[in-house]
Amino acid sequence: MAFQVGHKNQVRTEILAGITSFFAISYIIIVNPMILKDAGIPANLSVFATIFSSAIGCFIMGIWAKAPIVLTPGMGVNAFFTYTLVVGMHLTWQQAVAISFFSSFIYVGIAFTSLSERLSALIPASLKAGITVGIGLFLVVLGLEKAELIRSGGTQSLLALGDLSQATPLLALLGLTVTLVLYLRQTPGSFIVGIFLISGLAGIFKLVPQATTQITISQIRDYPQLLMQGDFSSLWTLKFGLAVFSMTMILVFESMGLLEGLLTDQQQFKRAFQASAVTTLLSGFLGTSPTVAAAESASGIESGGRTGITAFTAGTLFLGALFFIPLLRFVPQAAIAPVIIITGALMMMQVQAIDLQDFTEWFPAFLMIVLIPLTGSISTGLAFGFVFYPIVKWAGHKTRQLNWTLVGLAMLFLLELICNTFLM
């Protein structure tokens, strides 16, 4: 195993960077099962899928790409899996797993051909950033709802402030404040510390009901119930095809945007993109939503991580986390919500990659950003952004900035919107 690190001090730096990245993203071990639980996947089993897919992804990234990137089930992608495919489209989680498999298979095909470089060069940065920002805002809304800080506004408004006299929103506000302070002061593992602190307070003072899910490491013997559970019975239906197209677009373009933004050495992009694609494919077999490059990898990179040792170290720690999963039974929604909110806000920082001075670049991204959370559908936001990009370029006499790839994708997304409207 060659990581191409030539000095002991650099090896030490890489290991410390891996530890930093792990603690920055370790909250996913708790948050991902809680989101997938809304899709019907048992949290006491999906926690194992989360750990194993993350560990395997980090090992593949470290060995194949030799890049300091942590791969985990993605925030935003898990929301698409749960709230768009299962809740919105009324699919079963087994059918959603099958959709993830097909989307990941296409993703692998793109990653291991010249299509990856072509798409990376031809898709504008504003659209790739718009996807990330829109998903980030979607997560913020989701976190606020789980914190009970917002609720339906009824007939008077779309949303309204929650009841701040209740324990859940008060705990969530405290958790948000504490976690923000820890994060801004660059405290290692700030997110996981915030989760444990609020969970502890909730348990000590019995402020909110504890989760009924009982999670112990002995339940790993039941984990095979999640393996290879994809339901392909709706394979040839229009709904299945539209869902595969939407998820593929999310996986490919969000991964491109994240990796291009994270990697300090762009020569690592091709293999890192391939490692991400392969891990995404494996995640479906393992029983979880697709994996993506974790934005929190930036913490390890900022700590000096430059090679695969960083990713390999994080993967090893994910496996070690198996012995601490019984703690998940004490984590209430009020402890999870602040992490979802802050993660969404961090994703929204990608708005800086959008040229706000050029309205033809800003407006399609703007449609993605507002429609993803307002419609509760990531695929709808993507469709409107891609469809309107060539329209505004044509209207603004900037057709030279278009290419046939963009026009083709716009037509496919337009067809998706038509099918969803009239045929679904």
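Which are the buried residues of H17? Before I answer, please keep in mind that this is a predicted model, in which local features need pLDDT of at least 70 and side-chain atom pairs count only at pLDDT 80 or more, while totals for chains, interfaces and linings use all residues. Residues are numbered from 1 along each chain as its sequence is written, and side-chain values use heavy atoms, with hydrogens and water left out.

The buried residues of H17 are Thr405, Leu406, Leu409, Ala410, Phe413, Glu416, Leu417 and Cys419, where buried means under 20% relative accessible area, exposed over 50%, and partly exposed in between, with a 1.4 Å probe and protein chains only. These residues pack against helices H6 (115-122), H7 (125-146), H10 (238-262) and H16 (378-395); helices here are DSSP runs of H or I with at least four residues, numbered from the N terminus.

Turning to the helix itself, the 19 residues of H17 (404-422) should span 27 Å at 1.5 Å a residue, and the end C-alpha atoms are indeed 27 Å apart, the expected span being 1.5 Å times one less than the number of residues. At the N-terminal end of H17, asparagine 403 acts as the cap, with a side-chain oxygen 3.1 Å from the backbone nitrogen of threonine 405.

On the H16 side, I would point to serine 379, which lies in that helix and counts as buried at 9% relative accessibility. Leaving aside residues up to four places away in sequence, serine 379 touches Phe80, Thr84, Ser246 and Glu416, contact meaning heavy atoms within 4.5 Å.

Finally, isoleucine 217, in the loop between H9 (190-205) and H10, is partly exposed, with a relative accessible area of 34%.

Terms used:
Helix = DSSP H or I, 4+ residues; strand = E, 2+ residues; numbered from the N terminus. Polar contact = N/O pair within 3.5 Å; in protein donor to acceptor, adjacent residues only side chain to side chain.
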